[in-house]
Amino acid sequence: MAESESLETVTEHERILQEIESTDTACVGPTLRSVYDDQPNAHKRFMEKLDARIRNHDREIEKMCNFHHQGFVDAITELLKVRADAEKLMGQVSDTNRRLQDAGREVTAQTEEVIRCRIQQRNMATTVEKLQLCIPVLEMYSKLKEQLESKRYYSALKTMEQLENIYIPRVSQYRFCQIMAETLPKLREEIKEISMSDLKDFLESIRKHSDKIGETAMRQAQQHRTFNSEVQKQVTLSCAKPLYGLNGRTPLHHNGLSTEAADEEEMDEEGDRETFENYYRKQRKKQARLVLQPQSNMGYGFPVNRLFDLLFEVRDQYNETLLKKWALVFRDIFEQDNYSPIPVENEEEYKAVVSRFPFHDAEIEKQQFPKKLPMSQSVPQIYSQVKEFIYASLKFSESLHRSSTEIDDMLRKSTNLLLTRTLSSCLQNLIKKPHIGLTELVQIIINTTHLEYACKYLEDFITNITNVSPETVHTTRLYGLSTFKDARHAAEGEIYTKLNQKIDEFIQLADYEWGMAESDGRASGYLMDLINFLRSTFQVFTHLPGKVAQTACMSACKHLATSLMQMLLDTELKQISMGAIQQFNLDVIQCELFASSEPVPGFQGDTLQLAFIDLRQLLDLFMVWDWSTYLADYGQPTSKYLRVNPSTALALLEKMKDTSKKNNIFSQFRKNDRDKQKLIETVVKQLRSLVNGMSQHS
């Protein structure tokens, strides 16, 4: 029995010695305590065993030193031999360096001279280039001054327009151009005041000679109307329908300016023109009332000077009636539209569509039948109904026995009301209807693009039936641009909203097992369904202008990334395991692969992938467990985890900390688990200090 106990004691002492040799000094205490807790006097036998083990290690160290002693002596001898050669080599290197420095001084001086000359040459070239840009501006401004001095105000306004839109923007960084740009509005106001003064003088002159002017004007108007009635039907039937090119993406350009910018400038000019027109008409109405004022010995039963007012009231009431009628027509057209491209099976069907709507596209014409036109069936119907509205307005305007110029003006203004009020309201209501989905919104954007470009041909249509040149000073432009642009913007905003709502519906289907031990090894089903939906949706966007498709794609990716981040940091989610983090990482990888596959063309580099950069850096930090790098580089612009906010990292780490404690009640007895828990607690403290520092700084 004593022998077995002695054998057990020897074995236990051997195990303790091995544990002392293999573990850290921090854990030696509990090990040694077990020696004293054992049998009485066991520590003496353990000390003997320990002394024997020490003597054994000393002998091994001595043997190793004896074995390597001769090699150490030989190495020292070799080093002593090399020392002399090294000193000699050092001297040669120093001498060579000195001679090289002496030889290079002259080369350095000449190089600096060459650099100085090249800098001067570059500065001179830059100066010449900038002067070449400034000289045309100064020449145009000088030309403007000459035109103002010679009272050629119309030419001066055109010169101002060129200065503001073409010349000054090229050199807007210079002070003299800024002063020039500030001066131009004042000059324009001066021209406006002078023109208004001239207009008043002109009206005063007209008043003096109104009898002769009225007689001549009435005679010419009667002759013109007689001639008009004879040829009007022939002109209407024989006028050719102009065609236009449309690729659905890029607006046409003229004189270096986009049609959109040009139309906006024309609308600004219309504002000034309208001011003069209103003043002119107001004064002429006053003159007409004075002329029509009956003498005291004539009463007709009603005031003659009220005739004009009655006619205008009747015209306005008739226009309102027409607008209400066409609002119902537009509403029916939109309700019956299938919001799909128009299919054409053969040449006859293609010609039938083109006869109702001025469309021309070289690429589509090259395609073989059957083919599809990009707009839906409502576009030619809307265009035809606008023409019908113009005909209805024309019949009423002719019954007022007004001049062709006044009829032309009334037609354009009533058509503007139809486009900017009636059709615009119908489009806005259509876009907000709940049954209009993403496909329908895309088609509406395409439709409005085609209708916008067709406005020019509506103007030509009015010109053909009134025989009034569009170059006439008073001619009003159609404002279809603003109508269809506003509708497009509303449809684009609705696309972004509906797309995000659809993403939210998929996100609600997510069912993560946040306490899983390890990931499934594949992405979640709900996410793959969402990516397939986005991929098919963006294929429909190929017919949209590039900027709209890119904005929708970027908006969707950002919304998806934000939703995933919110899901991860949800306050109701208390615990997350590392396995759940790995599963979540697989899903984010699929999102990044989708972004890198260029679902919409036109993105530069990895622009779309940057939508998920916050998630990527956060997940990398937890997957690699790279807290030392994060804490060391925090706040540095070159930090690997620059987009990881300390409060975000702390919130997620707290969830994992709780999981680590709960999952294994025996973790306190294993060294690795104890070390990991201590690391988490240390990192949590440091993150809290960073968060507190940020809050105090803010």
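1. Let's start with the empty space inside. This is a predicted model, and it holds 3 cavities of 30 Å³ or more. The largest cavity has about 60 Å³ of space, and the second largest has about 50 Å³.

2. What lines the largest cavity? Look for F334, Y339, S378, I382, L427, L430, I444, N447, T448 and L451. Sorted by class, that lining comes out as 7 nonpolar residues, 3 polar ones and no charged ones.

3. Which helix gives the most to that lining? It's α13, with 4 residues. To find your way around, pick out α11 (378-399), α12 (404-432) and α13 (438-466), since each of these supplies at least two of the lining residues.

4. Now for the second largest cavity, which is lined by I382, Y383, V386, L419, L423, L451, A454, C455, L458 and F484. Here the split is 10 nonpolar, no polar and no charged residues. Again α11, α12 and α13 each put in at least two residues, and α13 gives the most, with 4. Have a look at I382 and L451 while you're there: they belong to the lining of the largest cavity and also to that of the second largest.

5. On to the rings. The structure holds 19 aromatic pairs. One of them joins Y512 and F584, whose rings are tilted at 45° between the planes and sit 5.4 Å apart, centre to centre. Y512 is in the loop between α14 (480-507) and α15 (525-540), while F584 belongs to helix α17 (residues 578-596), so this pair links distant parts of the chain, 72 residues apart. Both Y512 and F584 are buried.

6. F584 has another partner, W514: this pair is tilted too, with 6.2 Å between the centres and 35° between the planes. Why does the pair tie together parts that are 70 residues apart in sequence? Because W514 lies in the loop between α14 and α15, whereas F584 lies in helix α17. W514 is buried, and F584 is as well.

7. If you want to see several rings joined up, go to F622, W625, W627, Y630, Y634 and Y641, which ring pairs link into a cluster.

8. Finally, two lysines to check against rings. K371 lies over the face of F369, 4.4 Å from the ring centre. K387 has its charged end over the ring of F461, at 5.0 Å from the centre of that ring.

Technical notes:
Residues are numbered from 1 along each chain as its sequence is written. This is a predicted model: local features need pLDDT of at least 70, side-chain atom pairs count only at pLDDT 80 or more; totals for chains, interfaces and linings use all residues. Side-chain values use heavy atoms; hydrogens and water are left out. Rings of Phe, Tyr and Trp (its six-membered ring) pair if their centres lie within 6.5 Å; planes under 30 degrees apart count as stacked, over 60 as edge-to-face and the rest as tilted. Buried means under 20% relative accessible area, exposed over 50%, partly exposed in between (1.4 Å probe, protein chains only). A charge sits over a ring if NZ of Lys or CZ of Arg is within 6 Å of the ring centre and within 35 degrees of the ring normal. On a 1 Å grid over the protein atoms alone, a cavity is a set of points where a 1.4 Å probe fits but cannot get out, and a pocket is an open set with protein on both sides within 12 Å along at least five of seven lines; lining residues have an atom within 4 Å of a point. Grid points are joined across faces, edges and corners, and a volume is the space filled by probe spheres set on the points. Ala, Val, Leu, Ile, Met, Phe, Trp, Tyr, Cys and Pro count as nonpolar, Asp, Glu, Lys and Arg as charged, and the others, Gly among them, as polar.
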